[in-house]
Amino acid sequence: MKFIKPYLFAFTALLSASCTSQKEKPSLKDLYKNDFYIGTALDLNQINEKSKKEDSLIRKEFNAITAENIMKSMYTHPQKDKYDFTLADKFVAYGEKNKMFIHGHTLIWHSQLAPWMEKIADSTEMKAFMKDHITTIVSRYKGRVNSWDVVNEALNEDGTLRKSIFLNTLGEKYLANAFKLAEKADPKVDLYYNDYNIEEPAKRAGAIALIKKIKAEGGKVDGVGIQGHWKLESPSLEEIEKSILEYSALGLKVAFTELDITVLPNPWDLKGADVNQNFEGSEKMNPYPKALPDSIQNKLAERYASIFKLFLKHKDKISRVTFWGVHDGQSWLNGWPIKGRTNYPLPFDKDLKHKKAYDSILKLKETKK
Ligand code: G3I
């Protein structure tokens, strides 16, 4: 007994120390709190707090939220004279309850429109739609939503304007109009232009021209949202860095708004592959249906580390970094561009366990302490 006691004491001390360190393990939002917001995109179940485990992870790790779908126009404005704010209200209340930065996604986007909107054919009707839609939604959340994607994805890959229903009916002036309407409804809220691939040179030049034009026409643009749907090998850090510098030189806040990194092959990366070919069920296109091999897990961790290292270098220019989803199981990349695949693009896996990617992002800050 004489000998056992000190061992027992040491063991108990060790156990309690390890429990404390488990409990006190820092989170993404805590470690990056002086740098930029760390956000996530919530699906319907998460907004409805369906899973306690997911909910506590969200609250522990993130201090900014975006609704992955339910604030899009088909959900908020299903009929011409009918708005439905049931889900959007819940989403905003969730953010307020948890003292999170709340981002609104999105006001003017050609995709996920309600069917009635797709029938708008002339400029008078479109002008009326935009005024009513933007004013009603932004006013409802005035002082509660912290920033809005006013216009989403207005550009083609070569930097020219996408021939959307908005451009077709109103011409280029729809862009400045949207920003003016949003500012009028909530003069203090931050207004963003949001798009994917706008870190690539041609599309970036298009985004810069577009934002300059909106400003020249009297629209208030506070920031640019680089979506960040990226791959293991591209875009290069050089292009991302150039983008941060060029956008911030326009006086804009730079946000990374939909960050995820696919680890799966894309049909159009395969030489000679026909994009219309059906790849569903193909082993070649879904190489890791059960688990991600360590080698790729490590690559993903390295990629995230190098990206966050760059973000930290430019933290004075970056307002927010938001992951597009909480965990791998929820990611849109399991269904796009090929349905039914298993992708691993986020720092948490489908069982909510943190991956090496998560550790690599935390480590950048822990070593600096
Ligand atoms: O709500 C219906 C459900 O009732 C139905 O049973 C189910 C059957 O497929 O579909 C559900 O709707 C899906 C919706 O997500 C909600 O889960 C749509 O089919 C599906 O197309 C939709 O996909 C979303 C996509 O935007 C639509 O364009 C993704 O979840 C969402 O992650 C994605 O997000 C976009 C950003 O808004 C803008 N930037 C690109 C990004 C990725 O595409």
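**View 1. Gln227 and other side chains make polar contacts with the ligand**. A nitrogen atom of the ligand sits 3.1 Å from an N or O atom in the Gln227 side chain. Such a polar contact is a pair of N or O atoms within 3.5 Å; within protein, one must be able to donate a hydrogen and the other to accept it, and residues adjacent in sequence count only if both atoms are side-chain atoms. For Glu258, the distance from a side-chain N or O atom to a ligand nitrogen is 2.7 Å. Asn69 contacts an oxygen atom of the ligand, at 2.9 Å from a side-chain N or O atom. On its own, the ligand has 790 Å² of accessible area, and the protein covers 48% of this area. Accessible areas come from the Shrake-Rupley method with a 1.4 Å probe. The model is predicted: local features need pLDDT of at least 70, side-chain atom pairs count only at pLDDT 80 or more, and totals for chains, interfaces and linings use all residues. Side-chain values use heavy atoms, without hydrogens and water, and residues are numbered from 1 along each chain as its sequence is written.

**View 2. A shell of 14 residues surrounds the ligand**. The closest are Glu68, Lys72, His105, Glu153 and Glu258. A residue counts as near if one of its heavy atoms lies within 4 Å. By class, the shell has four nonpolar, six polar and four charged residues. Nonpolar means Ala, Val, Leu, Ile, Met, Phe, Trp, Tyr, Cys and Pro; charged means Asp, Glu, Lys and Arg; the others, Gly among them, are polar.

**View 3. Helices α12 and α13 cross**. Helix α12 spans residues 237-249, and helix α13 spans residues 294-313. Their axes come within 11 Å and cross at roughly 25 degrees. Therefore α12 is roughly parallel to α13 (angles under 35 degrees count as roughly parallel). Axes are lines fitted to C-alpha atoms, and angles run from 0 to 180 degrees between N-to-C directions. Helices are DSSP runs of H or I, at least four residues; strands are runs of E, at least two.

**View 4. Two cis peptide bonds involve loop residues**. One runs from His105 to Thr106, with omega near 10 degrees. Thr106 lies in the loop between β3 (101-104) and α7 (115-118). Another joins Ser234 and Pro235, with omega about 0 degrees. Pro235 is in the loop between β7 (229-231) and α12.

Notes: Angles under 35 degrees count as roughly parallel, over 145 as roughly antiparallel, 65 to 115 as roughly perpendicular and the rest as oblique.
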